[in-house]
Amino acid sequence: FYGSAPVERSASFSEINTKDITYFKSILRENNVIQDPDRLQPANTDWMHKYQGSSKLMLLPRTTEEVSHIMRYCNSRHLAIVPQGGNTGLVGGSVPVFDEVIVNVSQMNKIISFDKVSGILVCEAGCILENLESFLDNEGFVMPLDLGAKGSCQIGGNVSTNAGGLRLLLVQHLHENSSVGLEAVSANGTVMDMLGILRKDNTGYDLKHLFIGSEGSLGIVTKVSILTPPKLSATNLAFLACKDYLSCQKLLFKARRKLGEVLSAFEFLDSHAMDAVLNNLEGVRNPLPPAVHNFYVLIETTGSDESYDRERLDTFLFRLMESGLILDGVVAQDINQVSSFWRIREGIPEALMKFGAVYKYDLSLPLEKMYDLVDEMRARLGNPVKVVGYGHLGDSNLHLNITSPQYNDDILAQIEPFVYEWTSKHRGSISAEHGIGLMKANKLYYSKSPEVVQLMVSIKRLMDPNGILNPYKVLPHCLSANN
Ligand code: FAD
Ligand code: MLT
Ligand code: ZN
């Protein structure tokens, strides 16, 4: 593992034996009990190739009942579990730390219902986000969530990480979407139905929120319901260049005022991120050749009046070009250009991986301070380490990424705890959207008070007294339920 304090396997957990395998084969289809090392290898490895588990067993349940049987049995046998979806998580939460049983819900991938009047979609947790997007597109609706990993990540994983993504300006955070509901199976196998298909429901504690963002530490999400907005006809995307970070901030301020409710995304990347994409990804071109600019911004508008929205964006951009706030810019003319502009922004994580090791930080910071951290880090680390800044500027969410040919302890020691101390000093969050996972379990105090962490531990102990669900993750290791 890289970047996490060493953690020891908890002696409270049992090891898998042949009787366990026989039991699992009796409740699941035999070929959904995976022991083949070649199939286990990718499930033991995270997307960044930073975390590597050594699980000898992956289970692929097809129904909530199967999940319930698995949990009840594992709880009684003290077998630790890692819930897994698309395994695109970026904080080491989705892979085992040691030999935990991987419970992967990818076979639970059915759309259960879609109500065109209310826009409420109910589906199983293993549905791939992009498949849901295509389904809804055909129905004239959109998924209120979009991320670069959409081709692999699953809705259960999205809910469990409370994923943010590219269009949070347009849609609401999952916690704020009053019609997100879910079904979850707790550590002892109890099925909890919190599938909301009602817009209003004030019947006591709204416990679904415990599962949104709890990263598989409190239960396995098996079904999700979500309110989807109707598709709006007019989408425009501009790719712009700015001379400095201050100009990007001013641009956001003006875009909020002038574009108002149609502003659906505001993303930024620095020249280092742009270089990475242009040099490391096939078929990507700079939309603003030949100059190399310090910063790039993508502005997307989504509305219902095609000609009015376009005119509004054009006027806005024209004025800012005249004033010098934007150095250059282009508005996508067709769907191919739209996807090629988005490819630049969405391709950054993949492009950075081609440099070798990536130290990835996902921070919420006050907008005006955000890029100071990138500059300070660059000065601190010097060459040949690459320090890259990009992210969801509209949400004050910085992705600070540092790359080197291999993971290296000396580089890590220069980054941490500096990056967390800096974030804490500026009252930021050490995890804006990726979660805590294994990577930041011991760093939680930088963003949460001891009292709040203690309450989290109490909830964990209540819901998972044997600590079998995603151990070593989310909570500081010294306070984990199995300690
Ligand atoms: P996994 O990676 O399999 O699991 C993530 C966590 O959720 C783990 O802790 C796991 O135990 C738990 N989990 C998974 N499924 C369940 C379930 N059914 N029940 C209970 N727990 C479960 N994230 C963002 O927020 N915004 C982005 O813009 C974004 N962009 C990304 C771009 C790329 C290229 C990549 C690789 C990742 C990106 N991510 C982003 C991170 C990641 O895709 C999200 O966190 C995503 O929501 C994870 O979904 P998943 O199905 O892959 O979950
Ligand atoms: C993104 O916004 O591209 C994702 O959160 C992934 C990343 O931070 O690398
Ligand atoms: Zn992001």
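Analyst: Happy to walk through this predicted model with you. A residue is near a molecule if its C-beta atom, placed from the backbone, lies within 6 Å of it.

User: Thanks! Which residues come nearest to ligand 1?

Analyst: The shell around ligand 1 holds 37 residues. By class they split into 14 nonpolar, 21 polar and 2 charged. Those that come nearest are Gly-85, Gly-93, Gly-156, Gly-157 and Gly-216.

User: Which element gives the most to the shell around ligand 1?

Analyst: Strand E3 (81-84), helix H5 (155-161) and E9 each supply at least two residues of that shell. With 5 residues, the element that gives the most is H5.

User: And ligand 2: how do the residues of its shell divide by class?

Analyst: Ligand 2 is surrounded by Gly-148, Ile-348, Pro-349, Lys-360, Asp-362 and His-399. Helix H11 (348-353) and strand E14 (357-364) each supply at least two residues of this shell. By class, the shell divides into 2 nonpolar, 2 polar and 2 charged.

User: Let's look at helix H3. What distance separates its end C-alpha atoms?

Analyst: H3 covers residues 64-77, which is 14 residues. The expected span is 1.5 Å times one less than the number of residues, so for H3 it comes to 20 Å. The end C-alpha atoms agree with that expectation, being apart by 20 Å.

User: Which residues of H3 are buried?

Analyst: A residue is buried if 20 or more other C-beta atoms lie within 10 Å of its own. In H3 this picks out Thr-64, Glu-66, Val-67, Ser-68, His-69, Ile-70, Met-71 and Cys-74.

User: At what angle does H3 run to E7?

Analyst: H3 lies across three strands, namely E7, E8 and E9. These strands belong to an open sheet with the order E5-E6-E9-E7-E8 and antiparallel pairing. Relative to E7, H3 runs at about 40°.

User: In that sheet, which residue of E9 is the bridge partner of Gly-181?

Analyst: Strand E7 (residues 181-185) and strand E9 (residues 220-227) pair in the antiparallel sense over 5 bridges. Within this pairing, Gly-181 has as its bridge partner Ser-225.

User: There is also an open sheet of 4 strands. Which strands stand at its edges?

Analyst: Its order is E1-E2-E4-E3, with mixed pairing. Inside it, E3 and strand E4 (residues 101-104) pair in the parallel sense over 4 bridges. Each edge strand has a single partner strand, so one side of each lacks a neighbour in the sheet; these are strand E1 (33-34) and E3.

User: How many residues of strand E15 are buried?

Analyst: Strand E15 (residues 386-392) is largely enclosed by the rest of the structure. Strand E11 (residues 263-270) joins E15 by 2 bridges, running antiparallel, and 7 bridges join E15 to strand E16 (residues 397-404), also antiparallel. Of the 7 residues of E15, the number buried is 6.

User: Which residue takes a positive phi in the hairpin of E15 and E16?

Analyst: At this hairpin, His-392 stands opposite Asn-397 in E16. There are 4 residues between the strands. The one with a positive phi, near 55°, is Ser-396.

User: Last one: how far apart in space are Gly-467 and Leu-218?

Analyst: Gly-467 sits in the segment after helix H15 (450-463). With 22 C-beta neighbours inside 10 Å, Gly-467 counts as buried. Gly-467 and Leu-218 are 249 residues apart in sequence, yet their C-alpha to C-alpha distance is 9.2 Å.

Technical notes: Residues are numbered from 1 along each chain as its sequence is written. Chains are lettered from A and ligands numbered from 1 in the order in which they are written. This is a predicted model: local features need pLDDT of at least 70, side-chain atom pairs count only at pLDDT 80 or more; totals for chains, interfaces and linings use all residues. Ala, Val, Leu, Ile, Met, Phe, Trp, Tyr, Cys and Pro count as nonpolar, Asp, Glu, Lys and Arg as charged, and the others, Gly among them, as polar. A residue is buried if 20 or more other C-beta atoms lie within 10 Å of its own, exposed if 12 or fewer, and partly exposed in between; C-beta atoms are placed from the backbone. Two strands pair if DSSP finds at least two bridges between them. Two residues are in contact if their C-beta atoms, placed from the backbone, lie within 7 Å. Axes are lines fitted to C-alpha atoms, for helices over the stretch in contact, and angles run from 0 to 180 degrees between N-to-C directions.
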